[in-house]
Amino acid sequence: MSTKPKLYYFDGRGKMESIRWLLAAAGVEFEEEFLETRDQYEKLLQGGSLLFQQVPMVEIDGMRMVQTRAILNYIAAKYNLYGKDLKERALIDMYVGGTDDLMGFIIMFPFLSAEDKEKQRALIIQKATSRYFPVYEKVLKDHGQDFLVGNNFSWADVHLLEAILMVEEKKSDVLSGFPQLQAFKARISSIPAIKKFLEPGSQRKPVPDDKYVETVRRVLRMYYDVKAN
């Protein structure tokens, strides 16, 4: 195995994007192998690399890891982005869980019909502004610190910034009523490792396009239509 983590996924966001974000935030260089054909996927299956017959899969520290949350937990702990004690870890888990829920409304968006996309866009904005963003706005206001947990940069901050940017792609002024989150976005985006990841030419993936959708459908044999939440 390579000394650098190696990521196996499609050339697009999906469930791998949060892993890319976290590795980048930790300043870790990584390699990627993009799945473009069914044969590539079948080879991984037949070789026993995909424990539950699914990607993402990451080769790291002599392991072939699957299950997105397990991979993220490992990276966060390895690179000191998971709090200093059990209580901080619990808070990080709660906040990450919230952003995961919000991202869940977005991740399947590219696979929806045009009609369902408009409904889902409205739902994403509604959920973000009425359920999720108010929580983080209050947390930041109440403790008056730069970061969500323990006044130290953590996985929770990385995940929230990723979620904010994803929602802003659906509505650019979505943070207009959230001054704390506006400041948070600017602050976290200016961290050198994050700033580098946000620059053109990084391994951050763009908004999923039709080519990405077609590749995923072909490789995974997704012959059904995804329904809006």
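The exercises below work through the domains, the empty spaces and two backbone features of a predicted model.

Residues are numbered from 1 along each chain as its sequence is written, and side-chain values use heavy atoms, with hydrogens and water left out. Local features need pLDDT of at least 70 and side-chain atom pairs count only at pLDDT 80 or more, whereas totals for chains, interfaces and linings use all residues.

**Exercise 1. Describe how the chain is divided into domains, and how domain 1 and domain 2 meet.**

Step 1. The chain is divided into domain 1 (6-79 + 198-220) and domain 2 (86-191), with bounds that come from an automatic or database domain assignment.

Step 2. Taken over C-alpha atoms, the centres of domain 1 and domain 2 are 22 Å apart. The contact, which means heavy atoms within 4.5 Å, takes 21 residues from domain 1 and 18 residues from domain 2.

Step 3. Between them the two domains bury about 1600 Å², of which 67% is on carbon and sulfur atoms; buried area is the accessible area (1.4 Å probe) that two parts lose on being put together, summed over both.

**Exercise 2. Compare the helix and strand content of the stretches that UniProt lists as domains.**

Step 1. An unreviewed UniProt entry gives "domain: GST N-terminal" at residues 3-83 and "domain: GST C-terminal" at residues 85-209. UniProt positions are given in the numbering used here, feature names are shortened, and annotations may be inferred rather than shown by experiment.

Step 2. Helices (H or I, at least four residues) and strands (E, at least two) are DSSP runs, numbered from the N terminus. Residues 3-83 are 36% helix and 20% strand, with end C-alpha atoms 26 Å apart, while residues 85-209 are 67% helix and 0% strand, with end C-alpha atoms 41 Å apart.

**Exercise 3. Find the largest pocket and explain where it lies.**

Step 1. On a 1 Å grid over the protein atoms alone, a cavity is a set of points where a 1.4 Å probe fits but cannot get out, and a pocket is an open set with protein on both sides within 12 Å along at least five of seven lines; lining residues have an atom within 4 Å of a point. Grid points are joined across faces, edges and corners, and a volume is the space filled by probe spheres set on the points.

Step 2. The largest pocket holds about 870 Å³ of space. Its lining has 40 residues, and Tyr-9, Gly-14, Lys-15, Ile-107 and Met-108 lie nearest its centre.

Step 3. Because both domain 1 and domain 2 give residues to this lining, the largest pocket lies between them.

**Exercise 4. Characterise the largest cavity by its space and its lining.**

Step 1. Searching the whole structure gives 1 cavity of 30 Å³ or more, and the largest cavity contains about 40 Å³ of space.

Step 2. Its lining consists of Arg-13, Glu-17, Trp-21, Glu-162, Leu-165, Met-166 and Arg-204. Two or more of the lining residues come from each of α1 (17-25) and α6 (155-168), and α6 gives the largest share, 3 residues.

**Exercise 5. Locate the cis peptide bond at Pro-56 and the positive phi of Gln-67.**

Step 1. Most residues other than glycine have a negative phi, and most peptide bonds are trans.

Step 2. The bond from Val-55 to Pro-56 is cis, with omega near 15 degrees, and Pro-56 sits in the loop between α2 (38-46) and β3 (57-60).

Step 3. Gln-67, which is not a glycine, has a positive phi of about 70 degrees, and Gln-67 belongs to the loop between β4 (63-66) and α3.
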